[in-house]
Amino acid sequence: TTSTDIQNARQILKKVCPKFVIDDDLKLTPYTPSFEQQLQVVIEEKVPVFSFTFGLLKEKYVKQLKCNKITIIGTATNVPEAEILESTGVDIIVAQGSEAGGHRGSFLNQGIHLNLIGLMALIPQITNRVKTPVIAGGGIMNRQGIDAAISLGAAGVTMGTAFLTTHESGIHPKYKKALLDYDFDHTTLTRAFSGKLARGIYNTFIKRMEKFEDTILPYPIQNKLTQSMRKQAFSANDTEFMSMWAGQGMHLCKSQSATELMQKICKNWNV
């Protein structure tokens, strides 16, 4: 990515989002914090589980985590990715269905048709090809979803969107309201906010950026470029320019405590 690309992207943001300040002097680098420094903190703090989504861990990082008896969880969106993760020595694989909210875990460039498989089709595909335990993720909101995933071979599930509207959730109140107000799926896949494909609630920023798809910079540059806009939108209570990640089960969100959600999930469950 050249400086010209970055300046062009800035100009597009100014056009798409005129109500917020897009600073020409904003220093983008470093685009992300040092991974090695973050990993060192994980090891020093004796964090028991290390879960990652974007790609593969280098062999030296896997060795460091293993030496410190830290469980490693990687994310796959198709069978080839799951097989590669298994070969690197991860302890658990998350099978991420196309319904999942937030960023996609795809790391093999095999075309969108192989990276957007629905969860119920994906679980048996992966469990039939790897020996590593598989956790199902994507659109699971309640006990029925959990039972379905386990019946297809998953050893467990991961849930995110269902917890966004719990009383303990720290997301913006208007973000929470949007999740509760829709009685149908109102999500889409977009690269507009971060440069990496992610599922979230469709809003004005996503809609306007659809005309400028070719100007969106790769992750993490685009993510850093839109950071100021997202912070300003948050402060201004403007959900039209906030990234509101959510899965396709968002219409099942309920206003309840995390305890109530867990009690409903575990009711009459022999574990």
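In this predicted model, Ala136 stands opposite Val157 in strand β6. Ala136 of β5 is also the bridge partner of Ala95.

Strand β5 thus serves as a convenient starting point for this report. The pairing of β5 with β6 (residues 156-158) is parallel and comprises three bridges. Strands β3 and β5 likewise run parallel, and four bridges join them. Both faces of β5 (residues 134-137) are covered: Val134 and Ala136 are buried on one side, and Ile135 and Gly137 are buried on the other. Together with helix α7 (residues 143-151), β5 and β6 make a right-handed β-α-β unit.

The two pockets are set out below.

| Pocket | Volume | Lining residues | Lining by class |
|---|---|---|---|
| Largest | about 460 Å³ | 23 residues | seven nonpolar, 16 polar, no charged |
| Second largest | about 270 Å³ | 13 residues | eight nonpolar, three polar, two charged |

The largest pocket has a volume of about 460 Å³. Among its lining residues, Gln96, Ala100, Gly101, Thr158 and Gly160 are the closest to its centre. At least two residues of this lining come from each of β3 (92-96), β4 (102-103) and α8 (161-164). No charged residues occur in the lining of the largest pocket.

In the second largest pocket, the lining residues nearest the centre are Phe35, Phe54, Leu56, Leu57 and Tyr61. Helix α2 (35-44) and strand β1 (49-51) are the elements that give two or more residues to this lining. The largest share, four residues, is supplied by α2. Two charged residues belong to the lining of the second largest pocket.

How values were computed. Residues are numbered from 1 along each chain as its sequence is written. This is a predicted model: local features need pLDDT of at least 70, side-chain atom pairs count only at pLDDT 80 or more; totals for chains, interfaces and linings use all residues. Side-chain values use heavy atoms; hydrogens and water are left out. On a 1 Å grid over the protein atoms alone, a cavity is a set of points where a 1.4 Å probe fits but cannot get out, and a pocket is an open set with protein on both sides within 12 Å along at least five of seven lines; lining residues have an atom within 4 Å of a point. Grid points are joined across faces, edges and corners, and a volume is the space filled by probe spheres set on the points. Ala, Val, Leu, Ile, Met, Phe, Trp, Tyr, Cys and Pro count as nonpolar, Asp, Glu, Lys and Arg as charged, and the others, Gly among them, as polar. Buried means under 20% relative accessible area, exposed over 50%, partly exposed in between (1.4 Å probe, protein chains only). Two strands pair if DSSP finds at least two bridges between them. A crossover is right-handed if, with the strands pointing away from the viewer, the path from the first strand over the helix to the second runs clockwise.
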